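Please walk through this complex with the coordinates open. Begin with the protein chains, then turn to the DNA.

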2 protein chains.
Amino acid sequence: MGLVIHMAYLDRVFHCLSDGTRRAVIAQLASGPASVGELARRHHMALPSFMKHIRVLEESEVVISRKTGRVRMCQLRPDALTAAQGWLERERRVWETRLDQLDSFIETLSEKENARGNR
Amino acid sequence: MGLVIHMAYLDRVFHCLSDGTRRAVIAQLASGPASVGELARRHHMALPSFMKHIRVLEESEVVISRKTGRVRMCQLRPDALTAAQGWLERERRVWETRLDQLDSFIETLSEKENARGNR
DNA sequence: GAGATATTTAGCCGGATGGCTTACTGTCTT
DNA sequence: AAGACAGTAAGCCATCCGGCTAAATATCTC
């Protein structure tokens, strides 16, 4: 049950990362907070279009923003990318373990092969 | 120029990962190859719908498949997730470096603060 | 309080996505 | 050669995506 939520969360994070503009924003925010306006200026894009990206970034919990006066400042969340990274690492671990097992299986096979050859 | 291609590639990989069904397929393939039919059976889904996922997985170069006779076997590519993982790690590194710098900046500040206090 | 500034809201648009069914094409199996 | 089986092709459909413009809403600044 909590699993479903978790799934939907990964859906959102990876979807968020699947767009070049959003990845660029993340990259920029990694070196410090910035206002929506500052961020938008670097991407030849109308502000309302850009705002949609900000919303996606926030909904996927990669970015937080807070408005003071008329300017909204954005920053990366401390644990922004850990969920995505975590999933990838776990999968990779399974996958590599299996490859290792396969290797040693093949090794075993060729040892047997040798043994047979030495008969 | 090669950069653009690289971007589009990341787009595809992350988009590929943004769907729970496809992540489940990857998880399953991590523990060994399987046919399209076997894979489809575990996801209450019509085969043609499922095939679209397989196509996405192949286009994002996460999975390879080969048809022998009437059955198509799928497996993970050896370097399936490295691009995605690589991007995440690089971003995270920048982000953490900055946090460290921020820490030491704050530390410097409070040292100055102390110095001033000691005047 | 008028005007500049920084968003924000609303809504349009073409194209992609992710599900479906139905019909076709090969490849076994008997 | 007939029928079962595994996958594909074609095309329908609702919804989402990522861009746009035009108009509204605050919040400075003078």
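What follows goes from the protein interface to the two DNA strands, then to a few local details. The model is predicted.

Start where chain A meets chain B. The contact takes 32 residues from chain A and 32 residues from chain B. Together the two chains bury about 2,900 Å². Carbon and sulfur atoms give 65% of that area.

Polar links cross this interface too. There are 10 residue pairs in polar contact, with both partners at pLDDT 80 or more. Helix H1 (2-17), helix H2 (20-30) and helix H5 (82-118) of chain A each supply at least two residues of the side that touches chain B. H5(A) gives the most, with 11 residues. By class, this side of chain A holds 17 nonpolar, 7 polar and 8 charged residues. The count of salt bridges between the two chains is 2. One of them joins Asp11(B) to Arg23(A). Their closest N and O atoms are 2.9 Å apart.

Arg23(A) leads on to H2(A). Is this helix enclosed or open? Of the 11 residues of H2(A), 9 are buried, so the helix is largely enclosed by the rest of the structure. Among the buried residues are Arg22(A), Arg23(A), Val25(A), Ile26(A) and Leu29(A). Gly20(A) and Thr21(A) are buried as well. Asp19(A) caps the N-terminal end of H2(A). A side-chain oxygen of Asp19(A) lies 2.8 Å from the backbone nitrogen of Thr21(A). After H2(A) comes Gly32(A), with a positive phi near 135 degrees.

Now turn to DNA strand C. It is surrounded by 21 residues. The closest are Gly37(A), Met51(A), Ser49(B), Lys52(B) and His53(B). Both chains therefore appear in that list, as the names show. Helix H3 (36-41), helix H4 (47-59) and strand E3 (71-76) of chain A, together with helix H4 (47-59) of chain B, each supply at least two residues of the surface near this strand. H4(A) gives the most to that surface, with 5 residues. The surface near DNA strand C has 8 nonpolar, 5 polar and 8 charged residues.

Which parts of DNA strand C does the protein approach? Of the strand's atoms within 4 Å of the protein, 61% belong to sugar or phosphate and the rest to bases. Three side chains of chain A illustrate the contacts. Arg72(A) has a side-chain N or O atom 2.8 Å from a phosphate oxygen of DNA strand C. Lys67(A) places a polar side-chain atom 3.4 Å from a sugar or linking oxygen of the strand. Arg70(A) reaches a base oxygen instead, with a polar side-chain atom 2.8 Å away.

DNA strand D comes next. Around it are 21 residues, of which Ser49(A), Lys52(A), His53(A), Met51(B) and Arg72(B) come nearest. Sugar or phosphate accounts for 65% of the atoms of DNA strand D within 4 Å of the protein, and bases for the rest.

The individual contacts again reach backbone and base. A side-chain N or O atom of Ser49(A) is 2.7 Å from a phosphate oxygen of DNA strand D. Arg72(B) has a polar side-chain atom 2.3 Å from a phosphate oxygen of this strand. For Lys52(A), the partner is a base oxygen of DNA strand D, at 2.4 Å from a polar side-chain atom. The elements that give two or more residues to the surface near DNA strand D are H4 of chain A together with helix H3 (36-41), H4 and strand E3 (71-76) of chain B. The largest share, 4 residues, comes from H4(A). By class, the residues near DNA strand D divide into 7 nonpolar, 6 polar and 8 charged.

A few local details remain. Gly37(B) lies in helix H3 of chain B. Its relative accessible area is 23%, so Gly37(B) is partly exposed. Gly37(B) and Phe50(B) are 13 residues apart in sequence. In space they are 9.2 Å apart, C-alpha to C-alpha.

Finally, look at the backbone at Glu61(A). Phi of Glu61(A) is near 60 degrees, a positive value in a residue other than glycine. Glu61(A) sits in the loop between H4 and strand E2 (63-68) of chain A. At 31% relative accessibility, Glu61(A) counts as partly exposed. In chain B, Glu61(B) has a positive phi of about 60 degrees although it is not a glycine. Glu61(B) lies in the loop between H4 and strand E2 (63-68) of chain B. With a relative accessibility of 32%, Glu61(B) counts as partly exposed.

Technical notes
Residues are numbered from 1 along each chain as its sequence is written. Chains are lettered from A and ligands numbered from 1 in the order in which they are written. This is a predicted model: local features need pLDDT of at least 70, side-chain atom pairs count only at pLDDT 80 or more; totals for chains, interfaces and linings use all residues. Side-chain values use heavy atoms; hydrogens and water are left out. Contact means heavy atoms within 4.5 Å. Buried area is the accessible area (1.4 Å probe) that two parts lose on being put together, summed over both. A salt bridge is a side-chain nitrogen of Lys or Arg within 4 Å of a carboxyl oxygen of Asp or Glu. A polar contact is a pair of N or O atoms within 3.5 Å; within protein, one must be able to donate a hydrogen and the other to accept it, and residues adjacent in sequence count only if both atoms are side-chain atoms. Ala, Val, Leu, Ile, Met, Phe, Trp, Tyr, Cys and Pro count as nonpolar, Asp, Glu, Lys and Arg as charged, and the others, Gly among them, as polar. A residue is near a molecule or strand if one of its heavy atoms lies within 4 Å of it. Buried means under 20% relative accessible area, exposed over 50%, partly exposed in between (1.4 Å probe, protein chains only).
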